[in-house]
Amino acid sequence: MLKTASSFTLTPPEKNLSLAPPMSPPSIQESALNSNPVDPSTQSLWTGVTRYQWLVLFVAWLGWVFDAMDATIYAIVLHPALHELLQSPTGPPTNELIGWYGGIIFSIFLVGWAIGGIVFGILADRFGRTKVLIATIVTYALFTGAAALSQDWWHLGFYRFLTALGIGGEWAAGATIVAETWPEEKRARAAGILQSAWAAGFFLAALFNLLLSDYGWRALFIVGVLPAFVSILVFVWVKEPDRWTHAHQQQPAPLSDIFRGDLQRATIVGSALAFVAVFGLWGSTNWAPTLIRELPDLQGADPATLTKYVSYAIMTLNAGAVFGYLGFGPLADHFGRRPVFAFMCLGSLIMLPITYLLPSSYAGVLMLLPILGFFNNGIFSGFPIYLPELYPTKLRATGAGFCFNAGRILASASPFMTGWLVTTLGTFGRAASTVALVYLIGLVVLVFAPETKGKPLPE
């Protein structure tokens, strides 16, 4: 429990053997000070955190970095990969055809992510957080590398589905292990640091894209095998959280329990919020590389130059995302979880059309992408904070994994819908801007969301 500088302790009468005069009752000022807990957002992140807790956060963060890198690789190489895989005797594929099949593969990927998150979340509650964390990292690393072997578009879709199983499961295990290991009052900011790994992963994918631009899109998938080495660090350094060890001694809880009592409301709200965030991201922002390639002032540029421009755009987008990821935790500690989710939804609703429709030059897009990244990506920092706070220990990974990924199953239609909108509306910019309307649903859902600010994790 947090104590203020003016807190004091009374010695029990049977142990008070000194001849000192009795303590006077606390003053009105002392009582008022003690009755108001310290705002976690004003405390130093470095105090009260052990070396092992930092180690757990670092390993989970590193796993998420490569998680994000492997998830982003496809968005970067979508155009050149499908341009090669969709070649026909009549000539190269059109942008509409690339958008159509690109959307199908995006949707396949999101379905796999959702299935992996739900299944591995249940397994993490049954068999342990660290064991599942290792299994998921190995899964997404190996199948990202295998995508380099693709000879047709459906091969790529198949490998991305298997990659997504591991990526979805790694989120549930990583978020839960950090939430259960870190101190209650610093949990939100730790989750924000954890989510910042996604921005680092995006940067890493863009960096490898620059370094390997002369080797083709297959080389980028091969680099995706690197995360397998992180599983060794998890095995050597990370133990099961004490919360899970104690809860594991009880009767395992079935998945259906998250739909009973007060948990039913939490599950519906959490799943709906995840749906909105994922639908908006994968239906719009993750098409940014394709948007860049369509800009009027980049038409006629050679593939190597386009690759560099795309990489720089992703870096600027995620520069803003870093501030969103790291800012969500302190803001949520100060204002509450619900208001910050609403702030991110509103910002995304406004910035998507502005970014995708107004600028006609590469420089104009670069100026707006960081602001979009702050809102559109920053909202994801709320999920490793909020979702574990909704469920007791024996259902925490199951509930958090289900919410974040059940919404993803519904949102898996977003890339497919964007591909269809491209063929209907004519441009990726118009299609992505239409998708932005989904954030209105998020604002409505938040009216029914429970507030968890200042509450300990339920046991």
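This passage describes the nonpolar core, two helices and two residues of a predicted model. Local features need pLDDT of at least 70, side-chain atom pairs count only at pLDDT 80 or more, and totals for chains, interfaces and linings use all residues. Residues are numbered from 1 along each chain as its sequence is written, and side-chain values use heavy atoms, with hydrogens and water left out.

The largest nonpolar core (buried Ala, Val, Leu, Ile, Met, Phe, Trp, Tyr and Cys residues joined through side-chain atoms within 4.5 Å) has 144 residues. Among those with the most contacts inside this core are Trp 113, Trp 171, Trp 198 and Phe 380. Helix H2 (residues 51-85) gives the most to the core, with 20 residues; helices are DSSP runs of H or I, at least four residues, numbered from the N terminus.

Trp 198 touches (heavy atoms within 4.5 Å) Trp 64, Trp 113 and Tyr 325, among others, not counting residues up to four places away in sequence. Gln 195, in helix H6 (residues 187-211), is buried, with a relative accessible area of 3%; buried means under 20%, with a 1.4 Å probe and protein chains only. With the same exclusion, the residues that Gln 195 touches include Trp 64, Trp 171, Tyr 325 and Phe 380.

Helix H16 (residues 396-411) reaches 22 Å from its first C-alpha to its last, close to the 22 Å expected (1.5 Å times one less than its number of residues). Of its 16 residues, 14 are buried, so H16 is largely enclosed by the rest of the structure. Helix H13 (residues 337-357) reaches 31 Å, close to the 30 Å expected. H13 bends by about 25 degrees at Met 351 (the angle between axes fitted to the seven residues ending there and the seven starting there), and Pro 353 follows within four residues.

Methods. Helices (H or I, at least four residues) and strands (E, at least two) are DSSP runs, numbered from the N terminus. Buried means under 20% relative accessible area, exposed over 50%, partly exposed in between (1.4 Å probe, protein chains only).
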